[in-house]
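Here are my notes on this model, as numbered points. Please read them with the structure open.

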Amino acid sequence: MGRVTERRRVVRIRGGGAVGARPDTLVAEEPLEIRLNGKPLAITMRTPGDDFALAVGFLASEGVVARASDVQAVTYCEGATEDGSNTYNVVNVQLARGVPVPDITLERNVYTTSSCGLCGKASLDAVRTATRFPGLAADPVRVGADLLGELPDRLRAAQKVFDRTGGLHAAGLFSAEGELLDVREDVGRHNAVDKIVGRALQAGRLPLAGAVLLVSGRASFELAQKAVMAGIPVLAAVSAPSSLAVDLALESGLTLVGFLRGPDMNIYAGEHRIVLPSGRQ
């Protein structure tokens, strides 16, 4: 399996005219091909690690699987190169008997990048995927605004690889009481979320009712959809949401918080779940 970080030579220029060469630690970025029952489905650029969870989490966000029993096996594919060596960059997910296999065509295949996430779906209609957990809007969880404001610092403190590279996004799963349940890092926000969701699915914990998902960076439509597909009632981001992410949150009953920076935040949907500091709600 590939390493999470790699070392490269860099020439450093600092104030005062200081120039020197030294090794620098960079986050690794490699392609991962996800196959479904042996057939290519998607390619994503990711940081190696938690590849099986990433693949399963991606399938959960696509509505293909919803529980651990839907998956028979997840394996690395041997012979991924012409010389037959295993690059650990190709993963096959074998569905359990009786689990419907989606139509896999060239138009349906998706390509994801660390920067933009999901690309290349056949139509806009195909982007909206029906959740297996339709009770999201009824989730009664409530989170204090003061507590929510503390979560970015807790997430940042758990980013071990970011400390060494400065080049990773993170996704953190918290309880309504602020307990950090899981954290994953990756060059792509969507990959970090897929790893969170995949690990939860493998542990039999979907839907993630009562949980808060915090992402470093913006909240795109794709991240909002992944939260909805996993049954997560609260999604918070340290940066801005997109208009389509807000639309989906309003439609699905997802609480969406953006620009979460200490005590400051914007609530774009589902404000009934956020307990205001004044106690008026």
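1. Start with the contacts of Val-246. Leaving aside residues up to four places away in sequence, Val-246 touches Pro-241, Leu-256 and Tyr-268. Keep in mind that this is a predicted model.

2. Where does Val-246 sit? Val-246 belongs to helix 6. Its relative accessible area is 15%. The cut-off for buried is under 20%, so Val-246 counts as buried. Ala-269 lies 23 residues away from Val-246 in sequence, yet the C-alpha to C-alpha separation is 6.7 Å.

3. Now the strand that holds one of those contacts. Strand 14 spans residues 255–261 and is mostly covered, with 5 of its 7 residues buried. Strand 13 (residues 234–237) runs parallel to strand 14, and 3 bridges join the two. Ala-236 has Val-257 of strand 14 as its bridge partner. Between these strands the chain passes through helix 6 (residues 243–252), and the resulting β-α-β crossover is right-handed.

4. Strand 14 also pairs with strand 15 (residues 264–269). This pairing is antiparallel and has 4 bridges. Leu-256, a contact of Val-246, has Ala-269 of strand 15 as its bridge partner. Ala-269 is also the residue 6.7 Å from Val-246, C-alpha to C-alpha.

5. Check the turn of that hairpin. There are 2 residues between strand 14 and strand 15, and Gly-262 takes a positive phi near 65°.

6. Which residues have the most contacts inside the largest nonpolar core? They are Val-93 and Leu-235, in a core of 54 residues. Val-93 touches Arg-35, Leu-36, Asn-37, Ala-55, Leu-59, Val-71, Ala-73 and Val-74, again without residues up to four places away in sequence. A second core is separate and has 20 residues, including Ala-158, Val-234, Val-257 and Met-265. Val-257 is thus listed in the second core and is also the bridge partner of Ala-236. As background, nonpolar side chains tend to be buried together in soluble globular proteins.

7. Last, look at helix 2 (residues 145–157). Where does helix 2 bend? The bend is at Leu-151, by about 25°. A proline, Pro-152, follows within four residues. Both Leu-151 and Pro-152 are buried. The other buried residues of helix 2 are Ala-145, Leu-147, Leu-148, Gly-149 and Leu-155.

Definitions and conventions
Residues numbered from 1 in each chain as written. Predicted model: local features only at pLDDT ≥ 70, side-chain atom pairs only at ≥ 80, totals over all residues. Heavy atoms only, no water. Bend = angle between axes of the 7 residues up to and from the residue. Buried < 20%, exposed > 50% of the residue type's maximum accessible area, 1.4 Å probe, protein only. Pairing = 2+ DSSP bridges. Right-handed = clockwise from strand over helix to strand, strands pointing away. Contact = heavy atoms within 4.5 Å. Core = buried A, V, L, I, M, F, W, Y, C linked by side-chain atoms within 4.5 Å.
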